[in-house]
Amino acid sequence: MGILGLSKLIADIAPQSIKEYELKHLFGRKIAIDASMCLYQFLIAVRSDGAQLTSVDGETTSHLMGMFYRTIRLVENGIKPVYVFDGKPPNLKGGELAKRAERREEAQKQLQAAEEAGNIEEIDKFNRRLVKVTQQHAIEVKELLDLMGIPHMDAPCEAEAQCAALVKSGKVYATATEDMDALTFGCNILLRHLTFSEARKMPIQEIQYEKVLSGLELNKEQFIDLCIMLGCDYTQSIRGVGPKRAIDLIKNYKSLEKIVDNIDSKKFSIPENWNYKEARELFIQPEIKNPDDVDFKWNDPDEEGLVKYLCGDKQFNEERVRNGAKKLMKAKHTGTQGRIDSFFKIIPNVNSTPVKRKGDDKKTPAKKGKTTGGGRGRKPK
């Protein structure tokens with residue numbers, strides 16, 4: 001689910017934290033990608049004549065096709081992807097998972113009614129709602145990535161939390177996911193639409209965490225409390241409090257404790273035994289692998305292995321698979337100029353007092369005209 005309404009709230013109040021650009025702008029970057037999000041997109045979107053792509057045994061292969069061709073596109077654009085898979089869900093997520101199970105059960109009933117009525121549009125809608133990423137899907141994709149020479153890792157818990165840790169440690173440049181809770185976990189840079197198909201023609205959207213905080217005028221702890229109020233996977237929210245009221249309450253009272261003490265409980269329903277403190281702690285100290293213990297390597301693809309794995313029973317076209325493997329090999333070994341900012345080391349901001357230089361007190365006239373492009377250079381990850 002992510003964080004309800006957070007993307008719109010940021011766009012409305014902190015638009016300076018968002019910039020858009022083409023995929024090629026990310027040339028030379030290492031990107032941590034939420035694998036489960038990708039698999040879900042592929043399972044609901046990759047279709048052939050209105051039906052899921054399948055093997056000769058009727059097993060779905062849409063996730064394999066999507067991962068194969070999307071990853072090739074990223075690599076051809078000079079991106080080094082790292083796929084991060086979800087581990088076990090945290091205990092606090094049990095309520096959200098139960099709700100999802102209820103929604104799937106209801107969708108199953110509605111699907112049956114649509115099939116009896118012969119309503120094709122409704123059948124497709126409810127089929128999509130019943131899509132679920134399974135452990136078997138993940139196992140198959142990991143085997144594919146190994147054959148493609150693309151690194152991946154299993155998070156001990158939430159993939160977004162692990163991705164955020166990889167970004168904060170400098171292992172990768174950014175996290176690519178559609179779920180906004182990567183920001184709640186403190187991810188410095190969030191990329192949205194990176195895993196969308198080219199057919200959707202949407203620019204990459206980069207959201208910078210520090211600019212979100214400054215634009216919303218909140219510190220890290222207050223931002224987490226705001227996200228909990230908006231609605232997250234780990235606890236309930238206060239009924240009747242929308243995004244605008246939520247940020248006003250956080251700015252006025254600074255914490256959920258003070259909000260609970262001061263809000264009109266007759267007008268706004270506070271959940272009984274509200275476990276917001278546990279949810280907050282999960283965002284602050286999630287279960288992750290130490291990024292220092294992780295090493296990523298991008299290897300040459302195994303063309304024959306890919307043909308053996310994807311063709312035959314899985315019914316992929318051998319010529320296309322071989323062409324895909326050759327594209328991966330070419331992209332990996334093509335000599336290209338590095339990013340200009342790769343020659344400079346970025347020193348982390350530790351809130352130290354800046355060194356005052358001679359002439360700093362003098363006012364400098366602002367240059368006319370707008371700047372374009374990516375802003376300040378960053379060290380590629």
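# Reading the core, rings and cysteines of a predicted model

Me: Which residues have the most contacts inside the largest nonpolar core, and how many residues does that core have?

Reply: In soluble globular proteins, nonpolar side chains tend to be buried together. In this predicted model, the largest nonpolar core has 97 residues, and those with the most contacts inside it are Tyr83, Leu194, Phe223 and Leu226. Helix α10, residues 220-230, gives the most to this core, contributing seven residues.

Me: What does Tyr83 touch, leaving aside residues up to four places away in sequence?

Reply: With those neighbours left out, Tyr83 touches Ile33, Ala35, Cys38, Met67, Thr71, Leu74, Leu145, Ile150, Pro151, His152 and Met153.

Me: How should aromatic pairs be read, and how many does a search of the whole structure find?

Reply: One reads the distance between ring centres together with the angle between ring planes. The search finds five aromatic pairs. In one of them, Tyr209 and Phe223, the ring centres are 6.0 Å apart and the planes stand at 70 degrees, so the pair is edge-to-face. This pair links distant parts of the chain, with Tyr209 in helix α9 (residues 209-216) and Phe223 in helix α10, 14 residues apart. Both Tyr209 and Phe223 are buried.

Me: What is the geometry of the pair formed by Trp274 and Tyr276?

Reply: That pair is tilted, at 4.9 Å centre to centre and with 55 degrees between the planes. Trp274 is buried, at a relative accessible area of 11%, and Tyr276 is buried as well, at 8%.

Me: Which residues form an aromatic cluster, and where is a charged end placed over a ring?

Reply: Phe185, Tyr234 and Phe283 form one aromatic cluster. As for charges over rings, the charged end of Lys80 sits over the ring of Trp298, 5.2 Å from its centre. Arg29 lies over the face of Tyr173, at 3.9 Å from the ring centre.

Me: Is Glu158 buried or exposed, and what does its side chain contact?

Reply: Glu158 is placed in the loop between β6 (152-154) and α7 (159-169). Glu158 is buried, because its relative accessible area is 4% and the cut-off for burial is under 20%. Its side chain makes a polar contact of 2.5 Å with the side chain of Tyr234, a residue that also belongs to the aromatic cluster.

Me: How many residues of α7 are buried, and what covers them?

Reply: An α-helix has 3.6 residues a turn, so residues three or four places apart point the same way. In α7, nine of the eleven residues are buried, so this helix is largely enclosed by the rest of the structure. The buried residues are Ala159, Glu160, Ala161, Gln162, Cys163, Ala164, Ala165, Leu166 and Val167. Their cover includes β2 (30-34), β5 (80-85), β6, β7 (174-176), α8 (181-184) and β8 (189-192). Just after α7, Gly170 takes a positive phi of about 90 degrees.

Me: How many disulfides does the structure hold, and why is Cys38 not bonded to Cys163?

Reply: A disulfide is a covalent bond between the sulfur atoms of two cysteines. The structure holds zero disulfides. The sulfur of Cys38 is 9.8 Å from that of Cys163, the closest cysteine sulfur, and this is too far for a bond. Cys38 counts as buried, at 1% relative accessibility. Cys163 is in no disulfide either, and its nearest cysteine sulfur, in Cys187, is 7.7 Å away. Cys163 is buried too, with a relative accessible area of 0%.

Conventions: Residues numbered from 1 in each chain as written. Predicted model: local features only at pLDDT ≥ 70, side-chain atom pairs only at ≥ 80, totals over all residues. Heavy atoms only, no water. Core = buried A, V, L, I, M, F, W, Y, C linked by side-chain atoms within 4.5 Å. Buried < 20%, exposed > 50% of the residue type's maximum accessible area, 1.4 Å probe, protein only. Helix = DSSP H or I, 4+ residues; strand = E, 2+ residues; numbered from the N terminus. Contact = heavy atoms within 4.5 Å. Polar contact = N/O pair within 3.5 Å; in protein donor to acceptor, adjacent residues only side chain to side chain. Phe/Tyr/Trp six-rings, centres within 6.5 Å; stacked < 30°, edge-to-face > 60°. Lys NZ or Arg CZ within 6 Å of the ring centre and 35° of its normal. Disulfide = S-S within 2.5 Å.
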